[in-house]
Every structure is written in structure tokens, then in C-alpha cells.
Amino acid sequence: MQVQSMQFKARAGQKLADQRLQANLKKLSTKFVTARASAMEEIDFEATREALKERRNRGIENLDVWLEIFEREATRRGATVLFAESTQDAARLIAEIARKHDVKKVIKSKSMVTEELQLNKVLADMGVQSVETDLGEYILQINDNEPPSHIIAPVVHKDKDEVADLFARVHQKPRLTEIPLMTREAREMLRPQFLSADMGVTGGNFLVAETGSVAVVTNEGNEGMCTIMPRVHVAVTGIEKVLPTLEDLATAMRLLPRSATGQGTSNYFSLLTGTRAEGEVDGPDHMYFVIVDGGRSGLIGGAFQEMLRCIRCGACMNHCPVYQKIGGHAYGWVYPGPMGSVLTPSYVGLEKTLDLPQAATLCGECNRVCPVGIPISDLLRKLRERQVDRGLRPWRERAALAAWAFTARRPRLYATLSGLGSWALKRMGRDRGSISKLPFAGGWTDTREMPAPSGKTFRAMYRERRAPR
């Protein structure tokens, strides 16, 4: 997926004007937000979050050690572990695996890392058919390879009628509008693909070092068909997904489904270890792990290392007031929402993503719901500081900030100018009690009005309140 984050403002404007999208995005608050709140009442969220935070930190702070242990244990159980420094390297490795095993068709379970790799395009260019089997990803693939707009609900931006029209057009069958019938139709279309595929590709929610296993969590069961039916299974995931022990995995699974979909547990949970052993009736003949860096190691030891704790639950975007209004496509790359506004600049470069650190209100809701305690709003603020330090913000903005800093360091000047400003704003809104047009602030007053102040500064009102009576 190519980076298009530089068009964020234009895309956001289009999404805000899309009334159908606005109606579809209400599902975030009516489904995901309320479901999460109910699910968290079943556990001690704060204590469990602190426990998972500590376990994730232990893995990340000794990442090289745990990756070596994982490689050793996975190899001992018959798998092949490959490391890729870049997304291009990872795509090349998977292409080589497909070529080595004479693969003609690949079936895929949902994986955001393969979106980073543009894997479907890479496979298509070498003549290999790649079929998405997650229902949401399948819908997007047959809709001209549309990118996902959410990391756990990739088709949240569409409604039932849009999908019904799409199925009727692509499947060449009578239009259905009842969800059970539509999902059955999708299963009927996918079943032959499962039975004829040579290779299955999945992501990995977590890697477990002590057993050399990969944990894959879904709600549809398609990951099972992708891992036991084809003769080759490739699990693709980032280096940061490794957990030291199965106990760590158990802690993570208390929070992942609750944070993501508001479920106490996901419908399907697979812990996959090695190739099919003698006497076993299912499993692949060949198993590969492709573990991707793709910019992740650059965060280790730096100001953004905490972002590596992310378990890709999507809670931050479900609760984000910005994401709730514009959806995921406006962000222009694989990871949308607050977590994407930190990850995308970190992975692809701050200069290519100038608007993303600004694409948040810094309300802190993402911090409150994050199951691993990532202070996302603080990280966004740090990215904004780096933009200013590197001169990446517009010169008018930098000049305004410099003028503000100059004034704020001089209390008398600040008091004088704030008094004049308060008086002027009162005069501007004297007739209506509100201000509809404000010089140099059209981006604000074009869409909302600002209450006119009383004409008194905060200092003046504070003195009046403190004065003896």
C-alpha cells in the first residue's frame, strides 16, 4: 500500500462530506465502544493492563534475545525462520517461497503486515493468485482491491446495502440483503479456493519464544483453513510481536479481544507450532516464519519505543473523535487512527506524513483505553515538536509559535497584549455574543462560532475572585 498521507487534509474533507460514510461510522460508538466498556467490567482492567505492559516491555527490552530463542525453538519443531530488514525484503522472501514450492494459488488470512508488503500485488506480478479469506478483506479485494479502513474491521466504512450490491455484481447471483444469507454466499465462493490453494499466508498476533509458536486470533475460523489445508504455511509478522512465554500470551489474550471487539474471548484462537508431525492428520508440510523489521528496530531505545507495545487491537481508533468522523482511508497508509499517526511517521518518515501528528485533538481518550498503556497523545506531541525543530511546518505557523514563545517569556508584554486581545474580541462579538469570523483563524470559524469573551483577562477575573469581600 503506497503512502498517501500527504493528502490527509483533502481526504478528510471528502470523508466529512460523505453522509453515507458518516452514518456507517456510527457503528464504532454503538458497537465497539459500548461492547468494550461492558467487557472490561468483567476484569480488573487497570491491574491487567499494568501486567501486560510489564510483560510487553520485558520482551521489547531484550528483543534480540527473545527472537533468537524463538528462532531456535521454531526451527527445532520443523519450521524455517526468515528475517527481513525491509518490507521489500519480506515480500521477496515470500515470493521465493512461492516459487520454490511451485505455488499457483495463495489463500490469506487477515494481516496488516502483508498490507505493508503490498504482498497481493507482488504475488500477482509473478503470476500467483492471492485470495483474501477474511470476510471484510474479501469484500475489499473484489471491490477493485480497495484498502482496509480499520485494522480489525476492514470494511466498517461500508453498509449492508453496499455489500449486497457488490456481491450481486461480482458473484453474478440474485441480490441478497439478509446477513446470514450473504455470509453463506461468501463461504460458497471461498470454499473452492480453500480446497485448491497451494500456500496459506497468515499474520501473527503474537509469537511465543519458549515454544516457537505463532498465535492467530480470528472470529471467522478462516485462519484454520489457511493453515491446515495448504501444503505450505507462511506466517508474516513484525519483530515486536514476540512474547517470552505462554503465560505472557495468556495475559495478552485477556485484553486483546476485549479491547478489539468487546468479546471476552475471540471465536477462534490458534496456537500453531511447527509442521505436521508423523501421525498427525492436519497441518502443513512446510512452515515458514517471515519476521519483518520494516522500521521497527529504529524505535528501540528512542522516544517512541513505547509504541512497540501496541497489540493492534484498534481501541484507540474506535474511541478517537477524529477517526470516528473520517474513517481510516483519510490517513493514507496501512495504520489509521491515533496509533497510525505515530507508527506511519515512524516507519515511512515524518516528511511524508506531515499532517498525521496534527490529526488528533490530544483529548487523551486513546491513552485511557489502550490495553498496554501507550501514552499516544504524548507521542503525537513529540512528533509535532520534531516537525517544528526540523522546519517541516508551514512558515506562518512557525512564525506564530515563535511570536507566542517570545511573548510568553515576557509577563508584562503578555499581560498587555492579552488585555488588548480580550477587549478586541469582546468588541467583535458585541452584537451577537459570539464571533463568526476571526482573522487568521478561518479554519476554526468557517465551521463553528466562538463565544465572545467578557473583555476581562483570566488574570483580572482571578484577582476579582481573590479580592477580600
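**Exercise 1.** How many salt bridges does the rule find across the interface of domain 1 and domain 2?

*Solution.* A word on the material before we start. This is a predicted model, in which local features need pLDDT of at least 70 and side-chain atom pairs count only at pLDDT 80 or more, while totals for chains, interfaces and linings use all residues. Residues are numbered from 1 along each chain as its sequence is written, and side-chain values use heavy atoms, with hydrogens and water left out.

Step 1: place the domains. The assignment (bounds come from an automatic or database domain assignment) gives domain 1 as 1–31 + 313–392, domain 2 as 42–296 and domain 3 as 409–464.

Step 2: apply the rule, a side-chain nitrogen of Lys or Arg within 4 Å of a carboxyl oxygen of Asp or Glu. Across the interface of domain 1 and domain 2 it finds 2 salt bridges.

Step 3: look at a salt bridge in the model. Arg20 and Glu162 meet through their side chains at 3.7 Å, N to O.

**Exercise 2.** Describe the interface of domain 1 and domain 2.

*Solution.* Step 1: the centres of the two domains, taken over C-alpha atoms, are 24 Å apart.

Step 2: count contacts (heavy atoms within 4.5 Å). Here 29 residues of domain 1 touch 31 residues of domain 2.

Step 3: take the area. The size of an interface is often given as the accessible area lost when the parts come together. Between domain 1 and domain 2, about 2,400 Å² is buried, and carbon and sulfur atoms give 56% of that; buried area is the accessible area (1.4 Å probe) that two parts lose on being put together, summed over both.

**Exercise 3.** Is Asn143 buried or exposed, and which residues does Asn143 touch?

*Solution.* Step 1: find Asn143 in the loop between α9 (135–142) and α10 (160–171). Helices here are DSSP runs (H or I, at least four residues), numbered from the N terminus.

Step 2: Asn143 counts as buried because its relative accessible area is 18%, and buried means under 20% (exposed is over 50%, partly exposed in between; 1.4 Å probe, protein chains only).

Step 3: beyond residues up to four places away in sequence, Asn143 touches Lys158, Leu166 and Arg169.

**Exercise 4.** Do likewise for Gln193: where does Gln193 lie?

*Solution.* Step 1: Gln193 sits in helix α11, residues 179–196.

Step 2: Gln193 is buried, with 19% relative accessibility.

Step 3: setting aside neighbours within four places in sequence, Gln193 contacts Lys105, Ile107, Gln129 and Val131.

Methods:
Helix = DSSP H or I, 4+ residues; strand = E, 2+ residues; numbered from the N terminus.
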